[in-house]
Every structure is written in C-alpha cells, then in structure tokens.
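Thanks for coming. I have one structure to go through today, so please look at the screen.

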Amino acid sequence: MTERRIRYSQFAKFKRCRRSWLFEYVQGLELDRPAGVTKGPRDIGTLFHLGVEAYYNAEDPHGALRQKRDELVAADAWSPEWGDHFELVTIMLTGYVQWVSETAADAHEDVLFVEPQLEVPFAEVRGDLVILTGKPDLVVHNQLSDTNIVVDTKTVASIEQVQHHSGQGLTYALLLKEQHGLDIGMFRTNQARKVKRTARANPPFYGHAEMLVTPQHLATHRRHLLGQLDDMVRLVQQWEEEGYSDRLEHDSNFYPNPTPDCKWDCDFLAVCKQMDDGSNFEHTIRSFYRNKPETPALETA
Ligand code: SF4
C-alpha cells in the first residue's frame with residue numbers, strides 16, 4: 001500500500017490555495033533565492049520560534065539566535081536583511097521572556113513536551129495509507145485546572161484576544177491522544193507582535209488567546225480532516241498520473257486563489273500569473289525554483 005505522510009501545515013495551505021499547495025507540497029519546489037535574501041516575515045517567525053523553543057528547553061534563547069547567525073555567516077549568507085530580522089527578533093524575544101515572568105503567564109504549568117515530533121497512521125484514503133505528522137510548539141499541564149494544553153507561538157501584526165477555531169490545535173490534540181494517550185482540554189496561541197517596542201509603538205505586544213477542546217470537537221474535526229484528505233489524495237493521485245498533460249483538467253482541479261496576501265505568503269507569485277496567460281511557466285520553474293532539500297510532505301513509500 002502506498003504510504004503518504006501529510007503534515008498539518010499542508011491542510012492550511014491546501015485551503016489557502018490548491019496551486020500553491022501543488023507546487024510546495026506535491027512537487028516539493030521552493031524559490032531558488034540568492035544567498036542573503038530572506039523569506040521576509042516568514043523568517044522572522046522562524047527565528048522567533050527558535051528562541052522560544054530554546055527558552056522552554058531551559059536554554060538561552062539568545063544563544064539559539066547567535067548560533068543561527070553564525071551558521072548564516074559561515075555559509076556566506078549573512079546580509080543586512082538578515083541583520084534587520086535578527087535585531088527585531090532579539091527585541092521581541094527579550095520582551096517575551098519579560099512578559100512571561102512579569103505576568104506569570106505560564107505559572108502553575110509544567111512543560112510536558114517541547115516540539116514533540118508526532119506521527120500517527122491516520123486513515124486509509126482511496127487505497128493509500130495516510131500518516132499524519134505534526135510538531136506542536138509546546139504541550140503543558142496546568143496544575144490548577146488539571147488540564148493539558150497545546151500551545152502554539154505566533155508572530156502577529158496585532159494581538160487576537162479570542163480564539164474562535166483552530167484546526168491546528170484540534171489536529172495536534174488528535175495526534176497527541178493517539179500517540180501519547182494524552183487528553184487535551186485546551187488550545188492556546190502565544191502571540192508576539194512583530195514590532196520593536198519603541199516609545200511610539202502602542203502595547204499590547206504580547207498576549208494569549210485560548211479555546212476549549214472537547215471530545216465532541218475532536219470527533220467532528222476528525223471527519224473534517226477525512227473529508228479534506230479525500231480531496232488531497234485524489235488530487236495527488238491525479239497529479240502522479242497526468243502531471244500538466246491535460247491543462248483543462250488541471251486548471252479545474254488545481255485552481256489558484258489570488259488574494260492580497262500572495263505578495264508575502266507565496267513563493268510562486270511569479271510563476272502563478274504565467275500559468276494562466278500562456279507563458280512558458282515550466283521554463284520559469286526550471287530556471288528559478290529548485291527541489292526542497294527535505295522530502296516533499298506527500299512522499300510515498
Ligand atoms: S500567488 Fe496566490 S494564487 Fe498564485 S499560487 Fe500563490 S497563493 Fe496561489
């Protein structure tokens with residue numbers, strides 16, 4: 001049986017844009033950036049995560065950043081753009097650690113896991129075995145409420161006070177139950193604003209938003225995932241058989257979803273327009289994109 005490993009980030013990308021999902025997760029492509037050119041806000045988030053992971057592992061968060069900077073310098077990839085990102089993230093991390101200690105934001109909580117690698121055989125879909133994978137930032141146990149909490153850290157433009165829904169939190173809760181037998185009762189986002197906290201910047205700069213997770217939630221979410229997986233596996237199987245050979249069929253299945261966010265959240269903006277105006281987009285892919293070093297998440301085995 002064909003095994004397909006699907007990590008949680010794919011679900012969000014699939015809902016955001018099927019075309020981008022195809023490029024990134026099925027074809028496993030990434031923009032071939034010159035050394036020193038960053039992914040902008042996405043790299044700010046990655047750097048902040050690096051520091052927060054170190055913090056919850058009882059290590060020096062700034063030491064993690066210094067190590068990353070040294071790696072970039074050694075690879076001759078350091079640039080003023082990276083310098084700006086590191087300056088901003090250093091300020092954000094310093095403030096985050098202060099905020100956690102001053103507000104006792106995670107008092108009475110024991111850390112159970114930091115970035116656990118989760119991997120669960122989830123379902124047979126269209127004859128293939130889907131293995132769901134995910135890596136939540138943090139799992140803690142609150143002693144006062146006797147609740148296990150999945151925590152995700154986000155860098156944001158503004159602090160959200162309320163968490164209405166989170167497929168991410170529910171998916172991690174499902175995986176933690178299946179892999180570790182852990183009942184999750186809450187999902188929380190830890191948010192940090194991407195600002196330097198100058199005198200002119202208005203607080204709040206950090207905040208929490210939480211939602212309860214119930215067994216009924218998880219049962220419903222499992223059905224949602226199965227529905228989406230059915231679409232995803234069908235499309236992957238079709239891609240494996242036909243590639244771009246039937247453009248009519250391709251366009252009706254892998255349709256784009258252009259929004260203003262394309263400018264910053266998609267590496268495929270350049271080739272996207274070409275796909276629809278008759279240009280030789282495959283030449284552009286060969287010239288400006290490369291295969292991601294890691295195996296595409298929809299790998300088969
Ligand atoms: S540029 Fe926008 S519409 Fe085009 S592939 Fe990317 S996310 Fe989709």
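Pro-204 sits in the loop between S8 and S9. The peptide bond that leads into this residue from Pro-203 is cis, with omega near 10 degrees. Keep in mind throughout that this is a predicted model. As background, most peptide bonds are trans, and most residues other than glycine have a negative phi.

Now the two strands on either side of that loop. Strand S8 covers residues 184-193, and 8 of its 10 residues are buried. S9, residues 206-212, pairs with S8 in the antiparallel sense, over 7 bridges. To place the register, take Asn-190, whose bridge partner in S9 is His-208.

S8 also pairs with strand S7, residues 147-156, here in the parallel sense and over 9 bridges. In that pairing, Asn-148 stands opposite Ile-184 of S8. Between S7 and S8 the chain passes through helix H6, residues 167-180, and this β-α-β crossover is right-handed.

Staying with S9, look at Ala-209, which is in that strand. Is Ala-209 buried or partly exposed? It counts as partly exposed, because 17 C-beta neighbours lie inside 10 Å, whereas a buried residue needs 20 or more. Which residues is Ala-209 in contact with, leaving aside neighbours within four places in sequence? They are Glu-160, Gln-161, Val-162, Gln-163, Thr-189 and Gln-191. For Thr-189, the C-alpha atoms of the pair are separated by 5.4 Å, although the two residues are 20 apart along the chain.

Next, helix H7, residues 215-242. H7 has 28 residues and reaches 40 Å from its first C-alpha to its last, close to the 40 Å expected at 1.5 Å a residue. Its buried residues are Leu-225, Leu-229, Met-232, Val-233 and Val-236. What do the buried residues of H7 pack against? The list is strand S1 (3-7), helix H1 (8-16), H2, strand S4 (118-125), strand S5 (128-134) and H6. H6 is the helix we met in the crossover from S7 to S8. Just after H7 comes Gly-243, with a positive phi of about 50 degrees.

Two other residues with positive phi deserve a look, and neither is a glycine. Glu-115 has phi near 45 degrees and is found in the loop between strand S3 (109-114) and S4. Glu-115 counts as partly exposed because it has 15 C-beta neighbours inside 10 Å. Arg-126 has phi near 50 degrees and is found in the loop between S4 and S5. With 14 other C-beta atoms within 10 Å, Arg-126 is partly exposed as well.

Last, the ligand. Which residues are around the ligand? From the front of the list, they are Cys-17, Arg-19 and Ser-20. The others are Pro-256, Asn-257, Pro-258, Cys-262, Cys-266, Phe-268, Leu-269 and Cys-272. By class, that shell has 8 nonpolar, 2 polar and 1 charged residues. Helix H2 (18-26) and helix H10 (269-277) each supply at least two residues of the shell. H2 has also come up already, among the elements that the buried residues of H7 pack against.

That is what I had. If you want to go back to one place on the screen, I would start with the cis bond from Pro-203 to Pro-204.

Note on methods. Residues are numbered from 1 along each chain as its sequence is written. This is a predicted model: local features need pLDDT of at least 70, side-chain atom pairs count only at pLDDT 80 or more; totals for chains, interfaces and linings use all residues. A residue is buried if 20 or more other C-beta atoms lie within 10 Å of its own, exposed if 12 or fewer, and partly exposed in between; C-beta atoms are placed from the backbone. Helices (H or I, at least four residues) and strands (E, at least two) are DSSP runs, numbered from the N terminus. Two strands pair if DSSP finds at least two bridges between them. A crossover is right-handed if, with the strands pointing away from the viewer, the path from the first strand over the helix to the second runs clockwise. A residue is near a molecule or strand if its C-beta atom, placed from the backbone, lies within 6 Å of it. Ala, Val, Leu, Ile, Met, Phe, Trp, Tyr, Cys and Pro count as nonpolar, Asp, Glu, Lys and Arg as charged, and the others, Gly among them, as polar. The expected span of a helix is 1.5 Å times one less than its number of residues. Two residues are in contact if their C-beta atoms, placed from the backbone, lie within 7 Å.
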